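Me: I have a protein chain open and would like to go through it by question and answer. Please keep the reasoning short and end each reply on what I asked for.

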Amino acid sequence: MTDQPAAKKLSARTLSRLPQYLRYLEVMHAQGVAHVTSAQLAKALGCSDALTRKDVAAMGHSGRAGQGYSVEALRYTIAHILGVTSGRRVLLVGAGNLGTALMSYEGFGDRGMHITAVADSDPAKIGQIIGGYTILDINDIGTDHDMELAIVAVPGEVAQDVADILVDAGITGILNFAPRRLQVPDHVRVQTVDLSAELQILAFHRDGTSG
Ligand SMILES: NC(=O)c1ccc[n+]([C@@H]2O[C@H](COP(=O)([O-])OP(=O)(O)OC[C@H]3O[C@@H](n4cnc5c(N)ncnc54)[C@H](O)[C@@H]3O)[C@@H](O)[C@H]2O)c1
């Protein structure tokens, strides 16, 4: 596991902003920009200058007056905290419509994430090659692997069973697409993606502003 000394000190809210900081810094880095100011970071994230300065200070960085922060140094620190410097190996469970779309998504690699194995329970899929992956039997996922993270893209009614298998296999982070609240031990982190809920929130805000 990646050593993440700074991550423990950061608040959950700061941590939630790190991927956005990283994305912005990667764009700056690609453009050959050497330094960014807290005001530029704040503008990119849509938050206040003071908040950005606090976030960056919490990561142990201090800017130079008139120059700002080193893009390269800050980028490295955030990538290190997020554990994306060396590439995280991800197990995808569910080789259906969503799973197949995720398999073909090339953007994970750019963000230090790699789907390294795909598992399913359908005998018609197990052993087949889908999206370039040989589909594994979910029941064969033992503890002899180096994956920490998993994506759950199975029907809601089996999602908890799958989560239990993943926890037993030593997975400590689950990105859950199934419409189920997963029960996991304290050491396992679940992030649930619910596009419908996000759309409902957007619709609510639109109704709120238009009415
Ligand atoms: N969160 C979102 O915004 C969002 C968007 C789309 C789909 N989804 C959800 O994602 C999930 C997958 O959707 P889909 O359209 O790909 O479904 P799908 O039916 O096409 O695929 C599901 C896959 O899971 C496999 N599966 C079933 N039981 C399993 C088990 N016990 N262990 C391992 N694999 C198992 C099936 O064989 C199949 O390959 C569903 O729960 C759906 O509701 C969520």
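Me: Where does G96 lie?
Reply: This is a predicted model. G96 falls outside the helices and strands that flank it, in the loop between β3 and α5.

Me: Is G96 buried, partly exposed or exposed?
Reply: A residue needs 20 or more other C-beta atoms within 10 Å to be buried, and 12 or fewer to be exposed. G96 has 14 such atoms within 10 Å, so G96 is partly exposed.

Me: Which residues come nearest to the ligand?
Reply: There are 25 residues around the ligand. Among them is G96, and UniProt, in an unreviewed entry, also places G96 in a "binding site" annotation with G94, A95, N97, L98 and G99. The residues that come nearest are G94, G96, L98, D122 and L195.

Me: Which element gives the largest share of the shell around the ligand?
Reply: Two helices, α5 (97–103) and α7, each supply at least two residues of the shell. The largest share is four residues, and it comes from α7.

Me: How many residues of the shell around the ligand are nonpolar?
Reply: The shell also holds six polar and five charged residues. The count of nonpolar residues is 14.

Me: With which residues is L98 in contact, leaving aside its neighbours within four places in sequence?
Reply: L98 is found in helix α5. L98 has 17 other C-beta atoms within 10 Å and is therefore partly exposed. Once the neighbours in sequence are left aside, the contacts of L98 are A153 and F177.

Me: Which residues have the most contacts inside the largest nonpolar core?
Reply: In soluble globular proteins, nonpolar side chains tend to be buried together. Here the largest nonpolar core has 28 residues. At least two of its residues come from each of β3 (88–93), β4 (113–120), β8 (149–152) and α7 (156–168). Those with the most contacts inside the core are V90, L91, L92, V93, A150 and V152.

Me: Which residues does V93 contact, leaving aside its neighbours within four places in sequence?
Reply: V93 is one of the residues with the most contacts inside the largest core. Its contacts beyond those neighbours are A119, I138, A150, I151, V152, A153, V154 and V162.

Me: How many residues are in the other core?
Reply: This core lies apart from the largest one. Its members include V36, L41, M59 and L74, and its number of residues is 14.

Me: How far apart are the C-alpha centres of domain 1 and domain 2?
Reply: The domain assignment gives domain 1 as 7–82 and domain 2 as 88–196. Between their C-alpha centres the distance is 31 Å.

Me: What percentage of residues 20–59 is helix?
Reply: UniProt, in an unreviewed entry, places a "DNA-binding region" at residues 20–59. Over this stretch the end C-alpha atoms are 15 Å apart. Strand accounts for 5% and helix for 72%.

Me: Which residues does H35 contact, leaving aside its neighbours within four places in sequence?
Reply: H35 sits in strand β1 (residues 35–36). H35 is partly exposed because 17 other C-beta atoms lie within 10 Å. Beyond the neighbours in sequence, H35 is in contact with Q67, G68, Y69, S70 and V71.

Me: Is P185 buried or exposed?
Reply: P185 is in the loop between β9 (173–176) and β10 (189–192). The limit for an exposed residue is 12 or fewer other C-beta atoms within 10 Å. P185 has 7, so P185 is exposed.

Me: What distance separates the C-alpha atoms of P185 and D164?
Reply: Along the chain P185 and D164 are 21 residues apart. In space their C-alpha atoms are separated by 9.6 Å.

Me: Which residues does T172 contact, leaving aside its neighbours within four places in sequence?
Reply: T172 lies in the loop between α7 and β9. T172 counts as partly exposed because it has 16 C-beta neighbours inside 10 Å. Its contacts beyond the neighbours in sequence are E148, H187, V188 and R189.

Me: What share of the residues in the chain is buried?
Reply: The chain has 211 residues, and its secondary structure comes to eight helices and ten strands. Buried residues make up 24%.

Terms used
Residues are numbered from 1 along each chain as its sequence is written. This is a predicted model: local features need pLDDT of at least 70, side-chain atom pairs count only at pLDDT 80 or more; totals for chains, interfaces and linings use all residues. UniProt positions are given in the numbering used here, feature names are shortened, and annotations may be inferred rather than shown by experiment. A nonpolar core is a set of buried Ala, Val, Leu, Ile, Met, Phe, Trp, Tyr and Cys residues joined through C-beta atoms within 7 Å. Two residues are in contact if their C-beta atoms, placed from the backbone, lie within 7 Å. Domain bounds come from an automatic or database domain assignment. A residue is near a molecule or strand if its C-beta atom, placed from the backbone, lies within 6 Å of it. Ala, Val, Leu, Ile, Met, Phe, Trp, Tyr, Cys and Pro count as nonpolar, Asp, Glu, Lys and Arg as charged, and the others, Gly among them, as polar.
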